[in-house]
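Here is a short exchange on how terms such as buried and salt bridge are applied, with each value set against its cut-off.

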Amino acid sequence: MFKLEPRPEASRFWSLASPVLALAITVVLGVILFVALGKDPVRGLQVFFWEPISSGYRLGELMVKATPLLLIALGLAVCFRSNVWNIGAEGQFVLGAIAAGGVALLAGKDTTHWIVVPILLAGVLGGMAWAGITALLRDKFNANEILVSLMLVYVASLFLNYMVFGPWKDPAGYNFPQTKTFEAVTQIPRLFKGSRVNIGLILALLGVAGLWVFLFRTRAGFAQQVGGLAPAAARYAGFSSRKALWTALLISGGAAGLAGGLEVAGPVGQLTPYIPVGYGFAAIIVAFVGRLHPVGMVFSAILMSMFYIGGELAQSRLGLPKSLTGVFQGLLLFTLLACDTLMAYRIRFLPAAHAVKGA
Amino acid sequence: MDTNSLALLFASMLNSGTVLAIAALGLLINEKAGIVNLGAEGIMLCAAIAGFATVVHTGNDWVGFAAGMAAGGALAAILGLLVIWLNTNQYATGLALSLFGAGFSAFAGQRFVQDKLPERPHFNIPLLGDIPVLGPALFRQHPMVYLAIALVAWLMWFLYRSRTGLVLRSVGESPESAHALGYPVRGIRLAAVVAGGALCGLAGAYMSIIYTPLWVEGMVAGKGWIALALTTFATWRPARVLLGAYLFGGVTMLQFHLQAIGVEVPSEFLNMLPYLATIVVLALISRNPAWIRINMPASLGKPFYPGT
């Protein structure tokens with residue numbers, strides 16, 4: 001038996017070591033899973049951790065997937081640091097995609113490239129509006145933000161379906177539920193030839209710097225976080241919890257909406273029912289594994305993106321279902337939460353006799 | 001609407017409400033012991049595929065239900081061990097379980113997507129089932145529908161009339177006092193979490209074996225989250241959970257019936273109804289904090305670790 005002894009202060013060592021340990025345990029569980037499925041575990045690990053970084057093109061694809069994950073996670077970190085449990089980033093992403101897609105559909109062939117600015121702004125506003133519903137219901141009615149934001153994910157997906165099956169369906173699309181392909185001018189500028197990496201990556205990295213300054217160098221960022229750590233202290237200092245709630249949800253909704261806009265006007269180029277691919281949920285894991293720290297989340301976004309590409313490769317190379325991605329993502333969050341115990345507690349192993357008394 | 005379609009609406013409302021009722025009653029047991037289980041959605045998904053796969057192999061529904069319950073209990077036990085023994089955050093851990101469950105069920109269920117179960121035998125209580133209108137509505141249901149009602153009755157007795165129920169509630173209200181009295185708080189909480197998970201598992205298995213009956217990725221479609229909202233809606237009273245479950249079952253079914261009678265609203269908007277109803281109801285109920293607080297377990301969501 002063991003007993004947890006609270007540490008006087010959270011361990012700095014374990015706050016960095018715990019994600020590494022969690023990843024190691026996830027890898028071990030992955031090896032066990034591969035063996036259980038009768039697949040070569042070495043080949044399996046190669047597919048997940050080597051192939052995604054093995055060529056320039058693959059690295060580009062890694063960035064294409066890491067960009068939305070990072071953007072959404074940056075916003076979620078503001079929420080989670082303020083103790084606002086926004087679980088509905090997926091819905092905010094979808095609304096951002098719909099709003100941005102709407103502007104892109106309006107664009108004619110003769111518009112200038114500056115059209116991407118209103119497209120992305122529409123994405124941000126769409127995501128903000130969707131998160132704003134959650135903020136409003138929490139603020140005015142005290143409704144649980146976890147459940148409200150989650151229900152709104154289903155509503156957002158159904159709304160997307162309505163648009164692509166209904167008013168926005170491409171008349172020349174052989175009855176497929178999709179909009180017409182956006183005009184070429186609406187394409188988000190790419191950074192390199194021969195790769196789908198676009199300016200979204202730069203925006204995400206600017207977001208990293210911006211979040212770092214906001215959280216650690218501004219009074220507003222400080223006030224934002226105190227309520228999450230010590231509500232009583234925040235009240236005493238006169239920091240408004242309502243303001244913190246709205247700030248957190250609008251920032252994270254805007255970030256998720258921007259990611260949605262970048263996605264549809266970038267790699268996808270049209271609206272389809274398959275726009276939501278779970279980035280909003282995976283970003284929750286990115287945020288936690290990255291320690292809600294802007295720089296940490298860069299690493300975890302890349303890691304999570306590897307899982308996505310690994311899942312796709314596992315399908316073609318090993319004949320395993322693509323949903324293996326979700327299994328590994330979930331496992332990683334599980335093991336991380338367990339390992340995080342080491343930050344706040346020291347584990348003391350007790351002799352069996354004591355254990356009975358201690359339990 | 002004529003009487004026949006009304007009977008049909010009523011029957012389907014009971015059927016669809018049963019899934020929510022069983023899951024929500026399980027979550028109620030969890031929450032009475034002080035633990036919030038945000039993993040319900042993932043548990044139901046894994047139990048749905050576990051139950052479905054078992055029935056495909058054995059052909060016996062009841063073995064399938066048992067498999068669903070076992071899967072649900074086992075997954076909930078993981079959550080329980082993490083939040084009760086390692087003091088992890090209950091929200092984050094539950095969320096991890098939901099994400100894992102969604103991925104794992106899709107992974108495990110890949111092979112079963114094409115499978116179909118043979119036609120279910122038609123249940124009919126003799127005599128009662130032949131009453132016009134009422135008969136088809138009330139007495140031609142799967143036994144699980146009646147089991148859900150019995151479960152509520154039992155839970156009301158268990159929580160408020162039995163000694164064990166009192167101990168369970170004390171663990172959720174004030175774990176410190178229960179610990180001081182010598183009750184094994186962590187053991188009781190784990191038992192409650194496993195029992196609750198098993199019921200969520202039963203609800204998931206009922207969905208894939210009887211309610212749909214087939215396996216589709218993500219088929220639980222938010223019912224786990226709605227069940228979670230139901231415990232708040234019912235302000236933690238078993239009878240109100242049942243009532244709320246039928247109400248939401250009715251909303252879920254209304255969409256099909258509205259379509260059938262030719263209401264000119266796009267189906268996507270009708271499909272939004274259960275989710276929108278959940279949001280509206282949550283907002284209305286939560287509006288009055290006093291109303292919520294009367295029956296809410298005082299230590300809900302708070303960690304307890306003896307000797308710290």
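Q: Why is A:Glu145 called buried or exposed, and which of the two is it?
A: In this predicted model, A:Glu145 has a relative accessible area of 6%, and since buried means under 20%, A:Glu145 counts as buried.

Q: What makes the pairing of A:Glu145 and A:Arg138 a salt bridge?
A: The side chains of A:Glu145 and A:Arg138 meet with N to O at 2.6 Å, and because the cut-off is a side-chain nitrogen of Lys or Arg within 4 Å of a carboxyl oxygen of Asp or Glu, the pair qualifies as a salt bridge. A:Arg138 has a relative accessibility of 29%, and as the partly exposed class lies between 20% and 50%, A:Arg138 is placed there.

Q: How do you know that A:Glu51 and A:Arg58 form a salt bridge?
A: Their closest N and O atoms are 3.9 Å apart, and because the limit is within 4 Å, A:Glu51 and A:Arg58 are counted as a salt bridge. A:Glu51, with a relative accessible area of 9%, is buried, whereas A:Arg58, at 22%, is partly exposed.

Q: Which residues are joined into one network by salt bridges that share partners?
A: The network consists of A:Arg43, A:Glu51, A:Arg58 and A:Arg317, while the structure holds ten salt bridges over all chains.

Q: Why can the salt bridge between A:Glu61 and A:Arg196 be said to tie together parts that are apart in sequence?
A: The closest N and O atoms of A:Glu61 and A:Arg196 are 2.8 Å apart, which satisfies the requirement of within 4 Å. A:Glu61 lies in helix α3 (residues 56-81) of chain A, and A:Arg196 in the loop between α6 (145-165) and α7 (200-217) of chain A, so the pair ties together parts that are 135 residues apart in sequence. A:Glu61 counts as buried at 11% relative accessibility, and A:Arg196, with a relative accessible area of 28%, is partly exposed.

Q: Which residues have the most contacts inside the largest nonpolar core?
A: They are A:Ile72, A:Phe80, A:Met297, A:Leu324 and B:Trp225, in a core of 204 residues. Helix α9 (residues 185-211) of chain B gives the largest share of this core, 15 residues, and the core also draws at least three residues from each of domain 1 (1-54 + 288-359) and domain 2 (86-277) of chain A.

Q: Which residues is A:Met297 in contact with, leaving aside neighbours within four places in sequence?
A: The partners of A:Met297 include A:Leu70, A:Leu74, A:Leu211, A:Val286 and A:Gly290.

Methods
Residues numbered from 1 in each chain as written. Chains lettered and ligands numbered in written order. Predicted model: local features only at pLDDT ≥ 70, side-chain atom pairs only at ≥ 80, totals over all residues. Heavy atoms only, no water. Core = buried A, V, L, I, M, F, W, Y, C linked by side-chain atoms within 4.5 Å. Buried < 20%, exposed > 50% of the residue type's maximum accessible area, 1.4 Å probe, protein only. Helix = DSSP H or I, 4+ residues; strand = E, 2+ residues; numbered from the N terminus. Domains from an automatic or database assignment. Contact = heavy atoms within 4.5 Å.
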